[in-house]
Amino acid sequence: MKEISIDDFLDSIGNVKGINKDEIKKKYNSLESYEERQEYMKKLLAQAEARYKDLKARKSKEERAARTRRLIQIGGIVESVMGREYPEEEQDVLREQLYLLKDCEELFDTRTQIGEVAERILGRSFESGDIQRFQNFLLG
């Protein structure tokens, strides 16, 4: 393995919040033996890896929270457009209706056409705001 200088190592980690490069360099230079310096570098590397894993986990958690929020919003839009709540035993029917609409979306290129099809399938009139939300849901 190629030996890397402490300066190269510190340059490679860039500017990371909470890392005092001068302090690290001072500690490194105070170590006398090659083995002590090697162990210190391993410790720094392990800390960097732990920070990386923590950041990765935090990002994943934020992405899951954003997805959950989006799914809840979509559910709210569907209930609003449909005009009622859907108990679990009726969700399969709703899912099938939405899949049918999704499969048909290529055939329609205007808001009005999508609204007309949705009105026929759902059996109720749509207002312009409902049509826009429904189209965004289907196309978005």
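**Close-up views of a predicted six-helix model**

**Figure 1. Glu-85 is exposed in this predicted model.** The relative accessible area of Glu-85 is 62%, and because exposed means over 50%, Glu-85 falls in that class. Glu-85 lies in the loop that runs between α3 and α4. Ten residues separate Glu-85 from Gly-75 in sequence, and their C-alpha atoms are 9.4 Å apart in space.

**Figure 2. The chain is built from helices.** Six helices and zero strands make up the elements of the chain. Read from the N terminus, their order is α-α-α-α-α-α. The chain has 140 residues, of which 19% are buried. Among contacts between residues at least 6 apart in sequence, 44% join residues at least 24 apart.

**Figure 3. Asp-7 belongs to helix α1.** Asp-7 is partly exposed, with a relative accessible area of 36%. This value lies between the limits of 20% for buried and 50% for exposed, so Asp-7 is placed in the class between them. Along the chain, Asp-7 and Lys-21 are 14 residues apart. The distance between the C-alpha atoms of Asp-7 and Lys-21 is 9.1 Å.

**Figure 4. The largest nonpolar core contains nine residues.** These are Ile-6, Phe-9, Leu-10, Ile-24, Tyr-28, Leu-31, Tyr-40, Met-41 and Leu-44. Three helices each supply at least two residues of this core: α1 (6-13), α2 (21-30) and α3 (34-82). Apart from this core lies another one, of five residues, among them Met-82, Tyr-86, Leu-94 and Leu-98.

**Figure 5. Tyr-40 is one of the residues of the largest nonpolar core.** Which residues does Tyr-40 touch, not counting residues up to four places away in sequence? They are Ile-24, Lys-27, Tyr-28 and Leu-31. Among these, Ile-24, Tyr-28 and Leu-31 are also listed in the largest nonpolar core.

**Figure 6. Two arginines place their charged ends over tyrosine rings.** The charged end of Arg-37 sits over the ring of Tyr-28, at 4.8 Å from the ring centre. Tyr-28 is also a member of the largest nonpolar core. For Arg-84, the ring below the charged end is that of Tyr-86, with 4.0 Å to its centre. As for pairs between aromatic rings, the structure holds zero of them.

**Figure 7. The second largest pocket has a volume of about 300 Å³.** Leu-71, Ile-74, Gly-75, Val-78, Glu-79, Tyr-86, Gln-91, Leu-94, Arg-95, Leu-98 and Phe-137 form its lining. Which helix gives the most to the lining of this pocket? The answer is α3, with five residues. Both α3 and α4 (91-104) supply at least two residues of the lining. Tyr-86, Leu-94 and Leu-98, among the lining residues, also belong to the core of five residues.

Definitions and conventions: Residues are numbered from 1 along each chain as its sequence is written. This is a predicted model: local features need pLDDT of at least 70, side-chain atom pairs count only at pLDDT 80 or more; totals for chains, interfaces and linings use all residues. Side-chain values use heavy atoms; hydrogens and water are left out. Rings of Phe, Tyr and Trp (its six-membered ring) pair if their centres lie within 6.5 Å; planes under 30 degrees apart count as stacked, over 60 as edge-to-face and the rest as tilted. A charge sits over a ring if NZ of Lys or CZ of Arg is within 6 Å of the ring centre and within 35 degrees of the ring normal. A nonpolar core is a set of buried Ala, Val, Leu, Ile, Met, Phe, Trp, Tyr and Cys residues joined through side-chain atoms within 4.5 Å. Buried means under 20% relative accessible area, exposed over 50%, partly exposed in between (1.4 Å probe, protein chains only). Helices (H or I, at least four residues) and strands (E, at least two) are DSSP runs, numbered from the N terminus. Contact means heavy atoms within 4.5 Å. On a 1 Å grid over the protein atoms alone, a cavity is a set of points where a 1.4 Å probe fits but cannot get out, and a pocket is an open set with protein on both sides within 12 Å along at least five of seven lines; lining residues have an atom within 4 Å of a point. Grid points are joined across faces, edges and corners, and a volume is the space filled by probe spheres set on the points.
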